[in-house]
Amino acid sequence: MTDDGQTRIERLLGRFVGLSGGERVLVSVAAVGVAVVVGMLVILAAGYGASCGTPKFSLLGVSFCYDPVSVFTVLFQGAFGNVFNIALTLQQMTLLLFTGLSFAIAFRAGLFNIGAQGQFVLGSLATTVTILWVAPLVPDGTVGSLVLMPLGLVAGVVVGGLYGWLPGVLKARFDTNEVISTLLLNFIATAVAYVLVERFFNDPSIQGTITRAIPSAATFKPVVFPSNTNFALPLFLFALAVVVGVYLLLHRTTIGYDIRALGTQTKAAVFGGVDAESTTILSMTLAGAVAGIGGAIYVMMVIGRWQTGTPPIGFDGIAVSVLAGNNPLGLVPSSLLFGILESGSQAIQFNLGIPRQLVGVLRGLIILLVATPELFRIVGRTLNRRDVIDLSGGGTEP
């Protein structure tokens, strides 16, 4: 790359890195507006190329098969139109808060945890198996709930944490690239879970790779919301409490200081007395444990058992965290946006009959455009920290 080209890149990244908190909020709001406009254009283009009996929208004498205004109206109604949709939105938000936290914790230590999906899968399986094993030993009702619910959460935390500890050790002791190791561990987790359920925990009464359902005493019942929704408000409040707890851990404790120091300037942190190896292992273990909590809640609140086809909540958590600038408190609005897109996109497909592929493109486009400014900021800070580029002349790193 020529010096002039690198200078331009440094200047561009420096502008994003140097944005203040208020400017970042304004950029995110503007990005949402741009995403809506671009999304409408994509819908119009798809509607112009599609064939239909009765056009749904006309503009300047040109007819289109899809109405972009209706699409975004249904998107919003699908997220907040009634109490069931609100429950679905908050349910998705609750799960994404945990997987987003998993990526954010590791990132603050200068690590990329791509393995939240695997930690989520194994955490959910550990919760299911533990509850099924202990349930016959405890009475039903309140006593059973008091035993099984905490036990299920602990099982998810322990197994998720151990599965995060493994790439942490590989990184700390052998300098293994954590991006590759955590990515590969996702596939290993899925395969291991599949084999374990297929060989030892499969429910013979149901076709497919699926465990028996956990007892009702171990499931979180809807509170405030209707009984036929899979959303428990106390778990949502618990997720918010974990978010605040992680924020305080990172910004108000010695452990958090070590994690942030290691992620900001590794050499200076080590010179100042931070144990790089133990902090790296601890960060990845915490990240895995948080993702494991998400897996436990997925079983105990949403699905009630383990089965193949776990949704990519761990991978979505990466985008949620990037959009939040890897700030735990920023995860609240970013996970809400993703929850809206998830529940709203289902309503679009169901109510308007728009192809699933187009709904996926629209959802991905909105995520891409909204997350791009923060992605540039993260890339700039990372390259600057690793002395690949020099942003001293293009912006001031906060």
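This briefing walks through the overall build of one protein chain and then visits a few of its residues. The model is predicted, and the chain in it has 14 helices and two strands. Its radius of gyration is 23 Å, close to the 21 Å that the globule rule gives for 398 residues, so the chain is as compact as a globular protein of that length.

**The whole chain**

- If you drew a box around the C-alpha atoms along the principal axes, the box would be roughly 70 × 70 × 35 Å.
- Of the 398 residues in the chain, 48% are buried.
- Take the contacts between residues at least 6 apart in sequence: 74% of them join residues at least 24 apart.
- The accessible surface comes to about 18700 Å², and carbon and sulfur atoms account for 66% of that surface.
- The chain carries 21 positive and 19 negative charges, and the mean positions of the two sets are 4 Å apart.
- For a sense of distance, look at Val129 and Leu383: they are 254 residues apart along the chain, and their C-alpha atoms are separated by 43 Å.
- Val129 itself sits in helix 5 and counts as partly exposed, because its relative accessibility is 23%, which falls between the 20% and 50% cut-offs.

**Helix 7 and its start**

- Helix 7 spans residues 178–201, and its buried residues are Glu178, Ser181, Thr182, Leu185, Asn186, Ala189, Ala193 and Val197.
- The cover over these buried residues includes helix 5, helix 6, helix 11 and helix 12.
- Asn177 caps the N-terminal end of helix 7, with a side-chain oxygen 2.8 Å from the backbone nitrogen of Val179.
- Asp175 is found in the loop between helix 6 and helix 7. With a relative accessible area of 59%, Asp175 is exposed.

**Two buried loop residues**

- Asn113 belongs to the loop between helix 4 and helix 5. Is Asn113 buried or exposed? Its relative accessible area is 0%, so Asn113 is buried.
- The side chain of Asn113 reaches the backbone nitrogen of Gly115 at 3.1 Å, and a polar contact of 3.3 Å links it to the side chain of Gln119.
- Not counting residues up to four places away in sequence, Asn113 touches eight partners that you can find in the structure: Ser102, Phe103, Ala106, Gln119, Thr182, Met284, Ala287 and Ile318. One of these, Thr182, is also among the buried residues of helix 7.
- Thr229 has its place in the loop between helix 7 and helix 8, and it is buried, with a relative accessible area of 6%.
- A polar atom in the side chain of Thr229 lies 2.7 Å from the backbone oxygen of Pro226.
- Leaving aside neighbours within four places in sequence, Thr229 is in contact with Phe84, Ala87 and Pro222.

**Backbone angles to look for**

- Most residues other than glycine have a negative phi.
- Asp175 is not a glycine, yet it has a positive phi of about 55°.
- Asn326 is another residue other than glycine with a positive phi, near 60°.
- Where is Asn326? Asn326 lies in the loop between helix 12 and helix 13.
- Asn326 counts as buried at 0% relative accessibility, whereas Asp175 is exposed.

How values were computed: Residues numbered from 1 in each chain as written. Predicted model: local features only at pLDDT ≥ 70, side-chain atom pairs only at ≥ 80, totals over all residues. Heavy atoms only, no water. Helix = DSSP H or I, 4+ residues; strand = E, 2+ residues; numbered from the N terminus. Rg over C-alpha atoms; globule rule 2.2 N^0.38 Å. Buried < 20%, exposed > 50% of the residue type's maximum accessible area, 1.4 Å probe, protein only. Contact = heavy atoms within 4.5 Å. Areas by Shrake-Rupley, 256 points an atom, 1.4 Å probe, with all protein chains shown as cover. Lys, Arg positive; Asp, Glu negative; His and termini not counted. Charge placed at Lys NZ, Arg CZ, Asp CG, Glu CD. Polar contact = N/O pair within 3.5 Å; in protein donor to acceptor, adjacent residues only side chain to side chain.
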